[in-house]
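Load the model in your viewer and keep the selection panel at hand. The tour moves from one selection to the next.

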Amino acid sequence: MMEERVREMKDSGIPWIGEIPKDWEIKPLKYVLNRRNEKNNPIKSKERLSLSIDIGITKYEDKTTNLDRFKDDFEQYQLAYPNDIVLNSMNMIVGAVGKSNYFGCVSPVYYVMTPSKESYPDYYGYLLNVPSIRKIYHKLGKGIYAIERGEGRVNTCRLKVSFNDFGRINIPFPPIQEQKTIAEFLDRKCSEIDELVALQDKMIEELKAYKQSIITETVTKGLNPNLPLKNSGIEWIGEIPQHWDVKPFKAVYSLGKGLTITKADLVENGISVISYGQIHSKSNSGTSIKDELIRYVPSIFIENNQNCLVNHGDVIFADTSEDLEGCGNCIFIDRDMLLFAGYHTIIAFNKSNYKNKYFSYLFKTDSWRTQLRTLVNGVKLYSIPQKTLSSTYIIVPPLSEQQEIADYLDNKCSEIDSLIELKQQKIEELKDYKKSIIYEYVTGKKQVEINEI
């Protein structure tokens, strides 16, 4: 039996690093990576490079989301070369660090570092992005830092880390061959983990598509596949069960407007309110109110705004959307509570006393939303006025079937959501595992074994 090799360790003297192998050194970062600071003047490159938290350095032309705002004056930018380490001075605390594989120009707020002869770039690409060192960036940052979680978004007031402070950070300095060995091992291991994450993501998308197909099939055809069908007379609907009806939206709902307020009117405690931001939140199912979506306005609003209160069975729609897909996003009021519809919302007041969720499921389908998507106006922001919402048609089964369909979909969607949650938990576990192995190997806690090379 082979004896396990025991590596001799020593205290690095740096709390976030802890123990390191005895033959490793600790050096200030400025002696390991040199700042390039090469201006693109005269212009040497018009290849714009972008730095993303999740994927590092990419060509700007290859990006499809979160596009940076580049100016046309290329002389304002600085140059980055293959194997340079690029960091966003105002966003490195959340992981805006990456190794460049390209020659191009980057934002003047970035730090571009070129490794010394004894430094392997890929190793430091990993090291400079571990969560432990990000905490050091946070301590060194100057400015006001806050994250506002709400309205379906995360807003960050960023801290800037000065280059002088950055250069004084003490980091591990292994022999260059070991740096290379560690980086190559992590490339393979992280690639394996990323593939597993991608597989989980794919399964989540398949489950979401399956859930959507079940909702669409059930709200348009019912639970009994043997029911005789008829032509609804409306293109987006197609055939429906023979004893079902198609009615104008306004036959079932009357419309009203939410509070005329802004974010500045929100308070810690008061009367509950749901605005368009919560409606567009990814955590909004559309068929029930989640406590995390509730915000508050002062109690004084009750005096003159009772027409903005909603009741069990009503629906709150967002009156704007940043994309066509979100046109029709809404939330069904599934309980009795004192609740305002907030800013940029339309209230669909239920004209009957029947409070099942059937219509909230119908409003989730692409079939029903097609009506809105063909009528809304806008380019980057689509407006959904009351007139547009009122002009749509809805499928109306008998009340007893509405309840049966709602109950069935509640159960079926809950089952699918549980499977999705398990997949999401697996993704978080994989991401945490990836972070842990990167830290353990770049700080020498673990050594790449011969059979792993």
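Begin by selecting arginine 35 and methionine 113: arginine 35 stands opposite methionine 113 in strand 11. This is a predicted model, in which local features need pLDDT of at least 70, side-chain atom pairs count only at pLDDT 80 or more, and totals for chains, interfaces and linings use all residues. Residues are numbered from 1 along each chain as its sequence is written, and side-chain values use heavy atoms, with hydrogens and water left out.

**Strand 11 and its partners**

Select residues 110-115, which make up strand 11. Strands (E, at least two residues) and helices (H or I, at least four) are DSSP runs, numbered from the N terminus. Is strand 11 mostly covered or mostly open? Mostly covered: five of its six residues are buried. Buried means under 20% relative accessible area, exposed over 50%, and partly exposed in between (1.4 Å probe, protein chains only).

Add residues 33-35, strand 4, which runs antiparallel to strand 11 and is joined to strand 11 by three bridges. Two strands pair if DSSP finds at least two bridges between them. Now add strand 8, residues 85-88. Strand 8 also pairs with strand 11 in the antiparallel sense, over four bridges. Here asparagine 88 stands opposite tyrosine 110.

**Aromatic pairs**

How many aromatic pairs does the structure hold? There are 18. Rings of Phe, Tyr and Trp (its six-membered ring) pair if their centres lie within 6.5 Å; planes under 30 degrees apart count as stacked, over 60 as edge-to-face and the rest as tilted. Select phenylalanine 163 and phenylalanine 166. Their planes are at 50° and their ring centres 6.2 Å apart, so this pair is tilted. Both residues lie in helix 3 (residues 163-167), three residues apart, about one turn of the helix. Both are buried.

Next, select phenylalanine 249 and phenylalanine 363. This pair is also tilted, with 40° between the planes and 5.8 Å centre to centre. Phenylalanine 249 lies in helix 5 (residues 249-252) and phenylalanine 363 in the loop between helix 7 (358-362) and helix 8 (366-373), so the pair ties together parts 114 residues apart in sequence. Phenylalanine 249 and phenylalanine 363 are both buried.

Widen the selection. Ring pairs link Phe249, Tyr253, Phe317, Tyr358, Phe359, Phe363 and Trp368 into a cluster.

**Helix 8**

Stay with Trp368. Which residues of helix 8 are buried? They are Ser367, Trp368, Arg369, Gln371 and Leu372. Show what covers them: the cover includes helix 4 (176-221), helix 5, strand 22 (315-318), helix 7, helix 9 (386-390) and strand 28 (393-396).

**Threonine 320**

Select threonine 320, in strand 23 (residues 320-321). Threonine 320 is buried, with a relative accessible area of 12%. Leaving out residues up to four places away in sequence, threonine 320 touches Tyr276, His280, His344, Leu381, Tyr382, Ser383 and Ile384. Contact means heavy atoms within 4.5 Å. Then draw a distance to lysine 387, 67 residues along the chain: the C-alpha atoms are separated by 13 Å.

**Zoom out**

Show the whole chain, with its 10 helices and 28 strands. Its C-alpha atoms fill a box of roughly 80 × 55 × 45 Å, taken along the principal axes. Of the 453 residues, 45% are buried. Among contacts with a separation of 6 or more, 75% join residues 24 or more positions apart.
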